[in-house]
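Trainee: Could we go through this structure together? I would like to begin with the contact between the chains.
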Amino acid sequence: MEDLLNISNLKTHFFTKKGVVPAVDGVSISIPKSSIIGIVGESGCGKSMTAMSIMQLIQKPGKIVGGKIQLDNENLLSYSKDQMRNIRGNKISMIFQEPMTALNPVYTVGRQVTEAITIHHREIKKEEARQKTIDIFRAVGIPEPEKRFHSYPHQLSGGLRQRVMIGMAMVCNPELMIADEPTTALDVTIEAQILMLMKNLQKERNTSILLITHNLGVVAEVCDYVYVMYAGKIMEQADTFELFKNTCHQYTDGLMKSIPKITDEKKRLYNIKGMVPNLTKLPKGCRFCPRCEKATPRCFEEEPLLYKVKGEKDDHYVRCFLHENSEVKENE
Amino acid sequence: MSNPKNKVLVESVNLVKEFQISGGGFLPNNKNVVHATSNVSFQIMEGETFALVGESGCGKSTLGRLLIRLLEPTSGHVEFEGVNINDLKSNEMRELRKKMQIIFQDPYASINPRMNVYNIIAEPLTTHKICATKEETMEKVKGLMEKVGIRPEFINRYPHQFSGGQRQRIGIARALALQPKLIVCDEPVSALDVSIQSQILNLLHDLQDEFKLTYLFISHDLSVVRYISDRVCVMFLGKVCEIGNTEQIFTNPLHPYTKFLIDAVPKPDPFLRKENKELLQGEIPSPVNPPTGCRFNTRCPYAKDVCREKEPLLKNIDGRQFACHMV
């Protein structure tokens with residue numbers, strides 16, 4: 001399938017007093033048209049920073065130091081500030097974890113969504129923008145949209161606020177929506193509603209979604225293809241079904257084994273020993289090797305590349321010497 | 001896990017907690033009431049893990065605090081080892097508090113950033129004058145640190161030098177210091193990453209075996225509850241929906257809310273993906289103005305007229321309790 005967005009070898013580093021933090025360290029991700037792509041990882045693995053880099057919302061002391069982000073064959077990193085402003089919210093939009101902090105508390109939600117329309121499309125009249133806002137509110141399942149138009153964020157529940165955020169993100173019909181932990185702050189029944197809504201919108205409008213989450217359950221539920229990140233690098237990438245069926249990397253495997261499953265009997269949970277490494281003092285060799293049960297002396301010396309896995313599905317890659325072969329992912 | 005004995009450790013008897021809030025008006029005279037918990041009764045057996053699950057605002061944390069008398073109930077009372085703790089004087093209560101401790105959700109907020117690990121863990125010991133000498137206290141604190149998996153040489157460190165998981169371990173050590181019988185765990189792992197979460201859950205499990213602890217485990221995460229608990233109480237808007245042992249609740253839920261709740265959890269297995277999952281519609285009603293009749297009736301697809309008019313009572317069938325007209 002044709003790629004909508006292509007990130008290749010993206011590097012976002014933070015230049016702090018304690019040293020350079022390579023939060024995103026050579027990440028390549030491709031997002032095909034109308035697909036849901038997931039990035040999973042624990043806190044600090046660089047998943048949110050990847051998303052922020054796409055939007056170019058990285059703040060000092062952070063800086064994108066290398067790589068390409070291509071949308072429709074144009075490199076977004078070469079865009080000027082004005083050009084980029086035209087992309088944000090229009091072609092690529094973003095929703096965040098905590099809708100209360102992402103919405104402006106002193107304006108009505110209707111006004112905030114209308115603003116997103118009028119900023120990108122000057123030709124649209126106020127009344128038309130208002131109608132569009134009400135339509136999108138209806139589409140994202142907000143009851144009584146005409147009434148809710150005049151509500152302030154604090155008057156809405158967490159689920160409704162997230163619906164407003166999704167509405168705002170979808171109102172300009174973007175090609176890509178980045179969702180950074182969109183359901184983490186929500187209750188399970190509301191989470192299920194929001195995930196269903198995102199899935200349906202993606203189908204109806206052919207928008208691609210880049211879903212960033214720490215929850216493997218959410219990934220299994222909605223994503224087509226998954227990237228597993230650890231300490232700024234992609235460790236494994238595969239089709240969702242393939243990833244769960246034929247897990248190759250020790251980290252992915254450890255993550256899967258350490259979550260208690262609602263469908264499982266009680267048994268002792270697996271632990272990944274140790275902790276996420278300090279990014280300023282990364283171990284030499286494979287970043288995961290100090291915590292890996294199958295690490296060999298070579299893992300401590302040399303860094304593995306993304307090797308192709310011969311599985312049922314074609315595009316399964318893993319960064320581990322145990323799966324070393326001659327087929328290496330390009331850009332590596 | 002542990003062998004649930006048949007001795008009741010804590011009993012909640014018709015606990016009601018209402019919070020007064022001022023209404024939305026300009027004048028403060030129109031008082032509204034938040035019905036946090038309404039008439040909740042259950043028993044926790046010695047040595048078991050009793051889980052309270054429900055969505056935000058269902059009153060599970062309020063209930064946890066009521067059980068160890070961090071809050072006074074509006075009506076009803078709590079019995080701990082057969083004693084009504086709401087009748088105790090403050091010095092008697094202080095004595096009893098040694099037996100009941102609590103672990104909080106946010107390990108960044110629940111321990112004092114200005115105290116080092118020694119002071120944090122020793123505080124309950126000195127407050128209750130457990131140890132005669134300073135050396136004894138030091139010994140004890142180091143022992144506790146080892147128990148929860150923090151190296152004793154970190155005794156002079158401050159909370160900011162630890163990660164979230166390690167801080168939660170410090171919180172657990174503090175709760176263990178007085179050798180309590182009951183520990184209320186209020187969402188102890190929901191702020192942690194999955195790989196750390198599993199370490200803490202295993203730790204809680206091991207400590208329970210070693211010290212014969214009873215846990216009241218409050219959580220919104222049903223997967224965690226299934227893993228850790230012996231019995232589960234499902235709550236909705238301040239009311240008990242269903243109480244039963246964990247296996248029964250998860251394999252054969254009786255109350256429709258329990259069913260939807262279990263179904264809604266995203267399962268980490270794409271092969272279990274359902275295209276048209278039946279979802280619970282709508283939002284949680286306000287606890288200021290709970291619906292009449294069954295509190296779940298506004299979201300329940302099976303609701304009939306009787307649900308809107310009459311409040312279902314907690315029925316007792318085959319050792320399970322549930323409150324629904326339709327089952």
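Mentor: Certainly. This is a predicted model, and its contact takes 34 residues from chain B and 38 residues from chain A.

Trainee: Which helices of chain B supply at least two residues each to the side that touches chain A?

Mentor: Those helices are α6 (194-211), α7 (222-228) and α9 (256-264) of chain B. The most comes from α6(B), which gives six residues.

Trainee: How do the residues on that side of chain B divide into nonpolar, polar and charged?

Mentor: On the side of chain B that touches chain A, 18 are nonpolar, eight are polar and eight are charged.

Trainee: And how do α8(A) and α9(B) pack?

Mentor: Their axes are 8 Å apart, at an angle of about 50 degrees. An angle between 35 and 65 degrees counts as oblique, and α8(A) and α9(B) are therefore oblique to each other. The crossing of α8(A) past α9(B) is left-handed.

Trainee: Which residues meet there?

Mentor: From α8(A), Val188(A), Thr189(A), Glu191(A) and Ala192(A) meet Phe260(B), Leu261(B) and Ala264(B) of α9(B). By class, this contact has five nonpolar residues, one polar and one charged.

Trainee: Changing topic, which residues touch the most other members of the largest nonpolar core?

Mentor: Leu216(B) and Cys233(B) do, in a core of 185 residues. Helix α8 of chain A, residues 188-205, gives the most to this core, with eight residues.

Trainee: What does Cys233(B) touch, leaving aside residues up to four places away in sequence?

Mentor: Cys233(B) then touches Phe42(B), Phe50(B), Ala51(B), Leu52(B), Val240(B) and Ile243(B).

Definitions and conventions. Residues are numbered from 1 along each chain as its sequence is written. Chains are lettered from A and ligands numbered from 1 in the order in which they are written. This is a predicted model: local features need pLDDT of at least 70, side-chain atom pairs count only at pLDDT 80 or more; totals for chains, interfaces and linings use all residues. Two residues are in contact if their C-beta atoms, placed from the backbone, lie within 7 Å. Helices (H or I, at least four residues) and strands (E, at least two) are DSSP runs, numbered from the N terminus. Ala, Val, Leu, Ile, Met, Phe, Trp, Tyr, Cys and Pro count as nonpolar, Asp, Glu, Lys and Arg as charged, and the others, Gly among them, as polar. A nonpolar core is a set of buried Ala, Val, Leu, Ile, Met, Phe, Trp, Tyr and Cys residues joined through C-beta atoms within 7 Å. A residue is buried if 20 or more other C-beta atoms lie within 10 Å of its own, exposed if 12 or fewer, and partly exposed in between; C-beta atoms are placed from the backbone. Axes are lines fitted to C-alpha atoms, for helices over the stretch in contact, and angles run from 0 to 180 degrees between N-to-C directions. Angles under 35 degrees count as roughly parallel, over 145 as roughly antiparallel, 65 to 115 as roughly perpendicular and the rest as oblique. A crossing is left-handed if the near helix is turned anticlockwise from the far one by less than a right angle, and right-handed if clockwise.
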